[in-house]
Structures are given as C-alpha cells and as structure tokens.
Amino acid sequence: MSQALLMSHQYKRWCKKYRTEIAASSSSLLSTITAYPLDSVKTRMQTYPTRFTGFVDCVKVTYATEGAKGFWRGVLSPLASITFVRTVSFSVYQRAKYTYDDWIRKGFGYSPLDIANAPGAKPNLITMSCFGAAGATAGAVITFIACPFELTKISAQISELVPKSGGKPNAIAQSYSNLGTIKTARNVIRLRGIGGLYSGWHYHLLRDTIGTGIYFTTYESAKQLLSNTREKSPTSPMAVVVAGGLCGLVSWACIYPIDTAKSLYQRNCFTSEKKNTHKPKIQFFNLLMYRGLLVSMSRSCTVNAVFFSAFEYMKKRVNRLQYDEELLKANGL
C-alpha cells in the first residue's frame with residue numbers, strides 16, 4: 001500500500017470529521033468579501049447619524065472623500081476574525097445542538113432533532129427551543145473572541161469621520177486615524193488598558209446571545225418548513241437560500257438597537273477618555289437607533305444567503321468523500 005494512498009484516506013477522514021469547520025470557514029471568506037461595503041456604510045450611519053441624510057448620501061460622501069477604498073477600509077481584520085468567529089460559532093452550535101437534544105431526549109423521551117428531520121414535520125416549540133438554546137450558547141461563546149476584533153474594525157471604518165470639538169480636532173480620535181489592526185489594538189491598550197479591548201462587551205454579549213439564538217432558530221425552522229412544504233431535501237438549494245436570507249433579516253430586525261448602542265459606545269471609546277466615556281441606552285422605540293437598519297438587513301440577507309448556500313454545498317461535497325476506515329486502522333492511523 002503506497003504512502004500517498006494512505007495519506008489520501010487519512011485526509012478524507014479528517015475532512016469528514018471537521019466538515020462543519022471546513023464549510024464554515026470557506027463560506028465565511030466568500031460571504032464577508034461579498035458584503036463588507038454594506039457593513040461599512042451601516043457602521044458609519046449608526047455612529048454618525050447626523051452626518052448623512054441616508055444610504056445614498058453616505059455612499060456618495062464616502063466615495064467623494066475616500067474613493068472606493070473607503071468601502072473596504074479595515075476589511076483584512078474582519079476577513080480573518082469573522083472567518084474564525086463563524087467557524088467557532090458553527091462548531092459550538094453543532095455540539096450544543098446535539099448536547100441539548102440528548103438532554104431533552106433523556107428528560108422527556110423524545111428528540112427535537114428527530115422531530116425536525118422527520119418527513120413532513122413542522123417546526124414546534126420543542127425544536128425551536130433546542131435550536132435557540134444552542135444558538136444562544138454559540139453567541140455567548142463567540143462574544144469573548146469577537147469583541148476585540150469588532151472594536152478595531154469599527155475604528156477603521158470611522159477613522160476618517162474625526163469629530164470636531166470647539167473647532168479643534170479631537171486628539172484622542174486623531175490618535176486612531178489610519179491605524180492598522182495591530183496598531184489600533186496597541187493604542188487601545190495604551191489609552192484604556194488591556195481591558196479596553198473588550199470595550200462594549202456587555203452590549204456585544206447581549207446582542208450575540210439573543211441574535212444568534214434567533215438566527216439559528218429562524219434558519220433551521222424556515223429550512224425545515226420550506227423543504228417539507230415542497231417535499232424537498234432539507235438542504236435543497238432554494239430552501240437554503242431563502243432560509244439563509246430570512247435568518248439574517250429576522251435576527252437583525254430584533255437586535256438592531258442593541259447593535260447601535262454597542263457601535264455608539266465603541267465610537268465613544270475612540271473619542272473620549274475612559275472615565276468620561278458615555279454609555280448609550282438601548283432604546284427600541286427611538287428611530288435614531290434604527291439608522292442604517294435597511295442597509296444592515298440587506299447586507300445580512302446577502303451575506304447569509306451566500307454563506308449558507310456555500311456552507312451546505314461544501315458539507316455535501318465533503319460528505320461524498322469515501323475512505324477505508326479498516327485500512328487506516330490496519331496501518332495504525
């Protein structure tokens with residue numbers, strides 16, 4: 001038996017073992033690149049609502065002052081961080097989903113996942129609770145990974161919108177102007193201490209715990225409902241595209257004011273001293289908290305339709321890989 005053949009079988013086994021992580025990371029790269037300009041516009045509209053009259057004006061001003069590169073400012077950090085965060089998120093979600101399913105099976109005698117995968121079955125409180133709890137768990141975990149990356153991303157996106165005070169430039173804001181990810185992080189530590197990298201983590205935790213729970217509940221339930229209605233596979237392309245787009249729309253619509261409060265607080269961290277940083281309130285009935293919502297929902301719909309389409313496709317391709325387990329065991333692999 002050639003060494004190359006053994007390595008091929010071992011590689012296929014490894015791919016199938018980590019198919020969720022492989023599919024999530026590759027799909028995240030594609031979806032992040034596709035929709036990053038919309039995320040940049042969204043952040044600018046959230047943090048400086050009085051600077052722009054709307055989406056079109058924000059696009060025009062950004063292009064006029066910074067050129068096309070303004071829409072991609074800070075893209076390298078989220079390209080790496082979002083890919084990593086999504087990979088961890090989906091890995092945690094998958095494990096949490098099966099863990100909670102096992103707990104419910106032992107406690108109540110039936111399996112939410114068996115119900116969700118049964119032909120003709122519709123979403124119910126049991127399945128939605130399982131998906132929601134697993135999603136909330138994933139959201140809580142990724143907060144502690146994603147917060148520093150998102151902080152530096154926001155700094156890059158708004159670095160050209162240096163606020164003025166009394167006609168003079170804001171010295172703290174200027175110190176963050178046109179810095180890369182590493183230099184921004186160093187500046188945060190210099191001005192706010194190591195804990196400054198987690199500025200706004202409480203908003204972040206609330207947003208991602210609630211938002212990710214809604215996100216996965218909507219995706220899994222919509223995919224199940226659409227597939228069973230059309231008597232198709234749960235991963236049929238149309239069901240995946242629609243469910244992917246829908247989960248992005250619903251989750252952002254529910255948690256957007258929390259995200260705005262987070263963005264405002266993190267903006268304030270780049271314009272004021274630590275002891276004077278204003279903490280905005282989360283206001284669900286204040287229209288200013290919804291600035292950029294349509295942009296964000298459009299972006300999220302696009303990102304998740306692309307992401308889940310690529311994600312399910314990659315998982316199918318990996319699942320088709322064939323390897324000989326007995327052969328590997330016989331060779332001590």
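This is a short dialogue on reading helix packing and empty space in a predicted model.

Visitor: How should I describe two packed helices, and what are the angle and the axis distance for α6 and α8?

Guide: Two packed helices are described by the angle between their axes and by how far apart those axes lie. Here, helix α6 (residues 125-158) packs with helix α8 (residues 181-192) at an angle of about 105°, and their axes are 10 Å apart. Angles of 65 to 115 degrees count as roughly perpendicular, so α6 and α8 are roughly perpendicular to each other.

Visitor: Which residues make that contact?

Guide: From α6 look for Leu-151, Thr-152 and Ser-155; from α8 look for Thr-181, Thr-184, Ala-185 and Val-188. Sorted by class, this contact of α6 with α8 has 3 nonpolar residues, 4 polar ones and no charged ones.

Visitor: At what angle do α2 and α10 cross?

Guide: They cross at roughly 70°, and their axes come within 9 Å. That makes α2 roughly perpendicular to α10. The crossing of these two helices, α2 and α10, is right-handed.

Visitor: What does α10 bring to meet α2?

Guide: Trp-252, Tyr-256, Asp-259, Thr-260, Ser-263, Leu-264 and Arg-267 in α10 meet Lys-42, Gln-46 and Thr-47 in α2. By class, the contact of α2 with α10 has 3 nonpolar, 4 polar and 3 charged residues.

Visitor: Now for empty space. How many cavities of 30 Å³ or more does the structure hold?

Guide: Empty space shows up when a probe the size of a water molecule is rolled over the atoms. This structure holds 2 cavities of 30 Å³ or more. The largest cavity has about 760 Å³ of space. It is lined by 33 residues, and the closest to its centre are Arg-86, Arg-207, Asp-208, Trp-252 and Arg-299.

Visitor: Which elements give two or more residues to the lining of the largest cavity?

Guide: They are α2 (19-47), α4 (76-108), α6, α9 (201-229), α10 (237-269) and α11 (293-319). The lining of the largest cavity divides into 14 nonpolar, 10 polar and 9 charged residues.

Visitor: And how much space lies in the second largest pocket?

Guide: About 170 Å³. Of the 16 residues lining this pocket, Gly-74, Ala-156, Leu-179, Gly-180 and Thr-181 are the closest to its centre. You have met Thr-181 already, in the contact of α6 with α8.

Visitor: Which helix gives the most to the lining of that second largest pocket?

Guide: α6 does, with 4 residues. Helices α4, α6 and α8 each supply at least two residues of this lining. The lining of the second largest pocket divides into 5 nonpolar, 9 polar and 2 charged residues.

How values were computed: Residues are numbered from 1 along each chain as its sequence is written. This is a predicted model: local features need pLDDT of at least 70, side-chain atom pairs count only at pLDDT 80 or more; totals for chains, interfaces and linings use all residues. Side-chain values use heavy atoms; hydrogens and water are left out. Axes are lines fitted to C-alpha atoms, for helices over the stretch in contact, and angles run from 0 to 180 degrees between N-to-C directions. Angles under 35 degrees count as roughly parallel, over 145 as roughly antiparallel, 65 to 115 as roughly perpendicular and the rest as oblique. Contact means heavy atoms within 4.5 Å. Ala, Val, Leu, Ile, Met, Phe, Trp, Tyr, Cys and Pro count as nonpolar, Asp, Glu, Lys and Arg as charged, and the others, Gly among them, as polar. On a 1 Å grid over the protein atoms alone, a cavity is a set of points where a 1.4 Å probe fits but cannot get out, and a pocket is an open set with protein on both sides within 12 Å along at least five of seven lines; lining residues have an atom within 4 Å of a point. Grid points are joined across faces, edges and corners, and a volume is the space filled by probe spheres set on the points. A crossing is left-handed if the near helix is turned anticlockwise from the far one by less than a right angle, and right-handed if clockwise.
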